[in-house]
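Hi,

Here is the structure I said I would pass on. Have a look at it first, and then read my notes below.

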Amino acid sequence: MKLVRFGPRGAERPGIIDGEGRLRDLSSHVKDIAGEVLLPASLARLSDIDPARLPLVEGTPRIGACVVQVGKMVCVGLNYSDHAPESGMGVPSEPVLFFKATSAIVGPDDDVEIPPGAAKVDWEVELGVVIGKPVRYVSKDQAMQHVAGYCVVNDVSERAYQLERGGTWDKGKGCDTFGPMGPWLVTRDEIPDPQALAMWLDVDGRRFQDGSTRTMVFDVPTLVSYISQFMSLQPGDVISTGTPPGVGLGQKPPVYLKPGQTMRLGIQGLGEQQQRTVAARIGDKQ
Ligand code: ZN
């Protein structure tokens, strides 16, 4: 199943993509794509619905983040064997974890705001893993039973905030709009091997990232198991699993985003995103 949220920001409705790629309104069955709707029994109920019997959504509405009420967004750093070197850092012996503020989450095609004075805004196409069942202290063997599905994440990052301002990486990861997520939550059954997905990202038509989840250092079951040793995970939590090479920081000289540019990115089987960069206006609220 490809689950989706559509409509104006803050008033999205749940939807499903039918076999012909058309958007169908799911709001007669669930209120939203969040929390307990992601539990295995609930997803099984949704998969029994014939999408052809659901109302067709006309036009091309805005697409929202594919999951709402995300309790936490746990990100994994330096998790691609071919990306760690371009960052000037080695491949870590254990997963590097940091958080992205959930207030950063936006729809897959929403504008990405450059914060006032920010000069090193960068991109990172990533495989997002959406938790579907509460879990803690889980073994690697049992971990996947707790995954509802996958989505595309752009882990937008401000490198000066992340690396030059002291402390942890979190300052450069949580700015408003730094977490485009979607277009779809693709359920786990549709992606038999999450470690064999092509992934790419273009800026203004130039391909910067052209990788595969194959070069992940710690695979999805390992990450779910590892993270669950330090915190419990709940339905709707998201793990963003790291980025392949080709980020702006890794270019020689580095390349960073300015207002007026366009990012396009995608992962095999999970759909595509497109964001325009704009200057954040002081005083604006999301
Ligand atoms: Zn990242």
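To start with something you can look up straight away: in which loop does G236 lie? The answer is the loop between α4 (220-228) and β16 (238-240); helices (H or I, at least four residues) and strands (E, at least two) are DSSP runs, numbered from the N terminus. G236 is buried, at a relative accessible area of 0% (buried means under 20% relative accessible area, exposed over 50%, partly exposed in between, with a 1.4 Å probe and protein chains only). Its C-alpha atom is 8.1 Å from that of K72, and the two residues are 164 residues apart along the chain.

Before you go further, some housekeeping. This is a predicted model, so local features need pLDDT of at least 70 and side-chain atom pairs count only at pLDDT 80 or more, while totals for chains, interfaces and linings use all residues. Residues are numbered from 1 along each chain as its sequence is written, and side-chain values use heavy atoms, with hydrogens and water left out.

Now the zinc ion. E124 (OE), E126 (OE) and D155 (OD) coordinate the zinc ion at 1.9 to 2.0 Å; donors are N, O and S atoms within 2.8 Å of the metal (3.2 Å for Na, K and Ca), and because water is not among the atoms, sites may look incomplete. The spacing of the donor residues in sequence is E-x1-E-x28-D. E124 and D155 link distant parts of the chain, 31 residues apart: E124 sits in the loop between β8 (121-122) and β9 (125-131), and D155 in the loop between β10 (147-154) and β11 (157-158). Both E124 and D155 are buried.

E124 turns up again in the cavity. On a 1 Å grid over the protein atoms alone, a cavity is a set of points where a 1.4 Å probe fits but cannot get out; a pocket is an open set with protein on both sides within 12 Å along at least five of seven lines, and lining residues have an atom within 4 Å of a point. Grid points are joined across faces, edges and corners, and a volume is the space filled by probe spheres set on the points. The count is 1 cavity of 30 Å³ or more, and the largest cavity holds about 120 Å³. Of its 18 lining residues, H83, E124, R159, Q162 and W169 lie nearest the centre. The elements giving two or more residues to this lining are β4 (73-77) and α3 (159-163), and α3 has the largest share, with 3 residues.

As for pockets, the largest one has a volume of about 360 Å³. It has 19 lining residues, and nearest its centre are A65, V68, T102, I105 and V106.

What about disulfides? The count is 0, a disulfide being a pair of cysteine sulfur atoms within 2.5 Å. C66 is in no disulfide, and its nearest cysteine sulfur, that of C151, is 3.8 Å away. C66 is buried at 0% relative accessible area, and C151 also counts as buried, at 0% relative accessibility.

Last, some strands. β14 (residues 198-203) and β17 (residues 262-267) run antiparallel, joined by 5 bridges (two strands pair if DSSP finds at least two bridges between them), and W200 stands opposite G266 in β17. β17 also pairs with β18 (residues 271-279), again antiparallel, over 6 bridges, with R264 opposite Q274 in β18. The hairpin of β17 and β18 has 3 residues between the strands, and there G269 takes a positive phi near 85°.

Cheers
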